[in-house]
Amino acid sequence: MENRIGELRRERGLTLKQLGKILNVRDNALSQYETGKRNPQLGLLEEIADYFNVSIEYLDKSTDKRDYPMKSDDDAINLLTKIENNEINYHNLSKATSLELALWIINNEEKIKALDNDSKDLTSTAYFFIHQLSIDSNVLREFSKDRIKDNKNLDKIDEMLLFDDNYFGANIDDVLTFMKESSRIGYDQTQRIISEMKKMPTFDYDEN
């Protein structure tokens, strides 16, 4: 997938390592995202777009317009009209603009209702927009928590395999074999094996 991650990173004067640290993403993974060798999950794409204050559509090169900045009531009404007419969608707006529009909607309900007519239903569009923003924000929050937890676990695996002198378990080849075999036998069977391993007595290295 083509994207503007590298372009926006260089625009900010950041190295891969610096941006990786900010986003809690390994710099080698980030490099693969930039070159299109791997595609980031939608949740991570949203996080990256939020950091650079651009829309997802701009980040993935679906459009050349970074955002639809909102500076007045007319801008807000124009955005709602464009959304209702399917000229733009939720992902054409940056997170900052989305939140600004949502706040404007909450504070201007009567003004929006006054604009409704037989051919225009901005009130429904506005309510749906806020509902969608709320859902996406909650999903993104949970995704970010899980992703950061996974990255920390990967760091722990690296630390144990490469640097922990007191670790005597599976080596790198064993871990890779386990991953391949667990994929072959499936999740449920893998969990049963892990459960059995946890029941086994702890090996006493001092006695051996």
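Okay, let's start inside: the largest cavity in this structure holds about 100 Å³ of space. Keep in mind as I go that this is a predicted model. With a threshold of 30 Å³ or more, the count comes to one cavity.

So what lines the largest cavity? The list runs Glu46, Ala49, Asp50, Val54, Ser55, Ile56, Tyr90, His91, Leu93, Ser94, Lys95 and Ser98. Two elements give two or more residues to that lining, helix 4 (42–52) and helix 7 (95–107). Helix 4 gives the most, with three residues. By class, the lining of the largest cavity divides into five nonpolar, four polar and three charged residues.

Now, the pockets. How much space lies in the largest pocket? About 710 Å³. It is lined by 25 residues, and the closest to its centre are Arg26, Arg38, Asp150, Asn151 and Leu154. If you want to find the walls on the screen, look at helix 3 (27–35), helix 9 (122–162) and helix 10 (172–185), each of which supplies at least two lining residues. Which helix gives the most to the lining of the largest pocket? That would be helix 9, with 10 residues. As for the chemistry, the lining of the largest pocket has 14 nonpolar, five polar and six charged residues.

Next, the second largest pocket, with a volume of about 530 Å³. Helix 9 and helix 10 turn up here again, together with helix 11 (187–199), and each supplies at least two residues of the lining. The residues in question are Ile157, Met160, Leu161, Tyr167, Val175, Phe178, Met179, Ile194, Met197 and Lys198. How do those divide by class? Nine are nonpolar, none is polar and one is charged. Going back to the names, the charged one is Lys198.

Right, on to the aromatics. The structure holds two aromatic pairs. One I'd like to show you is Tyr51 with Phe52: the ring centres are 5.0 Å apart and the planes stand at 75°, so the pair is edge-to-face. The cut-off there is over 60 degrees, in case anyone wants to check the call. Are these two residues buried or exposed? Phe52 is buried, with a relative accessible area of 5%. Tyr51, at 28% relative accessibility, counts as partly exposed, because the partly exposed class covers the values between 20% and 50%.

Tyr51 has another partner. Arg12 lies over the face of the Tyr51 ring, at 4.9 Å from the ring centre. There's a similar arrangement to look at with Arg4, whose charged end sits over the ring of Tyr58, 4.1 Å from its centre.

Staying with arginines, let's turn to Arg9, which is found in helix 1 (residues 5–11). Why does Arg9 count as buried? Its relative accessible area is 10%, and buried means under 20%. So what does Arg9 touch? Not counting residues up to four places away in sequence, Arg9 touches Leu14, Thr15, Leu16, Leu19, Glu34 and Phe52. That brings us back to Phe52, the buried ring of the edge-to-face pair.

Over to helix 2 (residues 16–23), where Gly20 lies. Gly20 is buried, with a relative accessible area of 4%. Leaving aside neighbours within four places in sequence, Gly20 is in contact with Val25 and Leu30. From Gly20 to Leu30 you go 10 residues along the sequence, and the C-alpha atoms are 6.7 Å apart in space.

Last stop, the backbone. Most residues other than glycine have a negative phi. Asn24 has a positive one, near 60°. Where is Asn24 found? In the loop between helix 2 and helix 3, and at 37% relative accessibility Asn24 counts as partly exposed.

Asn53 is another residue with a positive phi, in this case near 55°. Asn53 is found in the loop between helix 4 and helix 5 (56–59). With a relative accessible area of 40%, Asn53 is partly exposed.

That's the tour, so over to you for questions.

Technical notes
Residues are numbered from 1 along each chain as its sequence is written. This is a predicted model: local features need pLDDT of at least 70, side-chain atom pairs count only at pLDDT 80 or more; totals for chains, interfaces and linings use all residues. Side-chain values use heavy atoms; hydrogens and water are left out. On a 1 Å grid over the protein atoms alone, a cavity is a set of points where a 1.4 Å probe fits but cannot get out, and a pocket is an open set with protein on both sides within 12 Å along at least five of seven lines; lining residues have an atom within 4 Å of a point. Grid points are joined across faces, edges and corners, and a volume is the space filled by probe spheres set on the points. Helices (H or I, at least four residues) and strands (E, at least two) are DSSP runs, numbered from the N terminus. Rings of Phe, Tyr and Trp (its six-membered ring) pair if their centres lie within 6.5 Å; planes under 30 degrees apart count as stacked, over 60 as edge-to-face and the rest as tilted. Buried means under 20% relative accessible area, exposed over 50%, partly exposed in between (1.4 Å probe, protein chains only). A charge sits over a ring if NZ of Lys or CZ of Arg is within 6 Å of the ring centre and within 35 degrees of the ring normal. Contact means heavy atoms within 4.5 Å.
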